Amino acid sequence: MIKMNIELDKRLKDAREAKGLSQNYVAEHLNITRQAISKWENGKSMPDLENLIILSTLYEISLDELLGRTPSPEETHEPQSSSANTPSSPIQEALFLAVIASISCLFPIIGLVIPIGILVWMKKKKRVYKMVVVLCVICLLTNMYTAYAIFNQIYFRLNTVGIKKL
């Protein structure tokens, strides 16, 4: 259950002052008048959703904080992500790594390095995606075979040319 604490005017003013911004600066950033900001902060009107999103970005706080959302007891036990750079789900991360490994199969010599890099990265991050590991091994084997075939063909061509000249 989500509980909302509607004191948006106070939170808007506190957030703006915490960032040390003037009403004029915020108004210019939103392309509105300073009086509109004043009305929001005095509770005489409310910003629309688009302006709330811009304000939360400008003030560097979440929309939940800005709107006074308090989580229920069940929600407080969920682990929070420590990094904003992580993908939104492990499935997306695994899919991304699988695509990179698959593309590396198209380039035999480079394709020997990329799957190894993916495996090392997963070990450092302590993340193991079985599908990605299997795909990396398949890509490595494919690239090793392709690289062997290329070098073998080049080697035999050079030997054949040398024999014909004699």
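Contact, as the word is used here, means heavy atoms within 4.5 Å. With that criterion in hand, the packing of this predicted model can be followed from one helix to the next.

The protein chain contains eight helices and two strands. Read along the sequence, these elements follow the pattern β-α-α-α-α-α-β-α-α-α. Of the 166 residues in the protein chain, 26% count as buried. Among the contacts in the protein chain with a separation of 6 or more, 65% are accounted for by residues 24 or more positions apart.

Helix α3 offers a convenient point of entry. Its residues Ala36, Ile37, Ser38, Trp40 and Glu41 are buried, and the buried residues of α3 pack against α1, α2 and α4. Just after α3, the backbone at Gly43 adopts a positive phi of about 75°.

The surroundings of α3 lead directly to the largest nonpolar core. This core has 14 residues, of which Leu12, Val26, Leu55 and Tyr59 touch the most other members. Two or more residues are supplied to this core by each of α1 (8–18), α2 (23–30), α3 (34–41) and α4 (49–59). The largest share, four residues, comes from α4. In general terms, nonpolar side chains tend to be buried together in soluble globular proteins.

Two residues of this core show how its parts are joined. Val26 touches Arg16, Leu21, Ile37, Leu55, Leu58 and Tyr59, when residues up to four places away in sequence are not counted. Leu55, in turn, lies in helix α4. Leu55 has a relative accessible area of 1% and is therefore buried, the cut-off for that class being under 20%. Neighbours within four places in sequence aside, Leu55 is in contact with Leu12, Val26, Leu30, Trp40 and Leu66. The pairing of Leu55 with Leu12 spans 43 residues along the chain, and their C-alpha atoms are separated by 8.4 Å.

Two loops that adjoin these helices contain backbone conformations worth inspecting. Asn31, in the loop between α2 and α3, has a positive phi of about 60° although it is not a glycine. Glu60, in the loop between α4 and α5 (63–67), likewise is a residue other than glycine with a positive phi, near 60°. Are these two residues buried or exposed? Asn31 counts as exposed because its relative accessibility is 71%, and Glu60 counts as exposed because its relative accessibility is 62%; the threshold for that class is over 50%.

Attention now turns to a later part of the chain. A second, separate core consists of 10 residues, including Ala98, Met122, Tyr129 and Cys139. Helix α6 covers residues 90–104, and helix α7 covers residues 114–125.

How do α6 and α7 pack, and at what angle? In general, two packed helices are described by the angle between their axes and the distance between the axes. For α6 and α7 the angle is about 155°, and the axes are 9 Å apart. Because angles over 145 degrees count as roughly antiparallel, α6 is roughly antiparallel to α7. On the α6 side the contact is made by Glu93, Leu97, Ile100, Ala101 and Ser104, and on the α7 side by Ile114, Pro115, Ile118, Trp121 and Met122. By class, the residues of this contact divide into eight nonpolar, one polar and one charged. The spacing of contact residues along a helix may be read against a general property: an α-helix has 3.6 residues a turn, so residues three or four places apart point the same way.

Glu93, which takes part in the contact of α6 with α7, merits separate consideration. Glu93 counts as buried because its relative accessibility is 8%. The side chains of Glu93 and Tyr129 are joined by a polar contact of 2.3 Å, and Tyr129 is one of the residues of the second core.

The loop between α6 and α7 holds a further buried position, Gly111. With a relative accessible area of 0%, Gly111 is buried. Leaving aside neighbours within four places in sequence, Gly111 is in contact with Ser104, Leu140 and Asn143; of these, Ser104 also belongs to the α6 side of the helix contact. The C-alpha atoms of Gly111 and Ala147, which are 36 residues apart along the chain, are separated by 9.5 Å.

Note on methods:
Residues numbered from 1 in each chain as written. Predicted model: local features only at pLDDT ≥ 70, side-chain atom pairs only at ≥ 80, totals over all residues. Heavy atoms only, no water. Buried < 20%, exposed > 50% of the residue type's maximum accessible area, 1.4 Å probe, protein only. Polar contact = N/O pair within 3.5 Å; in protein donor to acceptor, adjacent residues only side chain to side chain. Core = buried A, V, L, I, M, F, W, Y, C linked by side-chain atoms within 4.5 Å. Axes fitted to C-alpha atoms, helices over the stretch in contact; angles between N-to-C directions. Parallel < 35°, antiparallel > 145°, perpendicular 65-115°, else oblique. Nonpolar A, V, L, I, M, F, W, Y, C, P; charged D, E, K, R; others polar.
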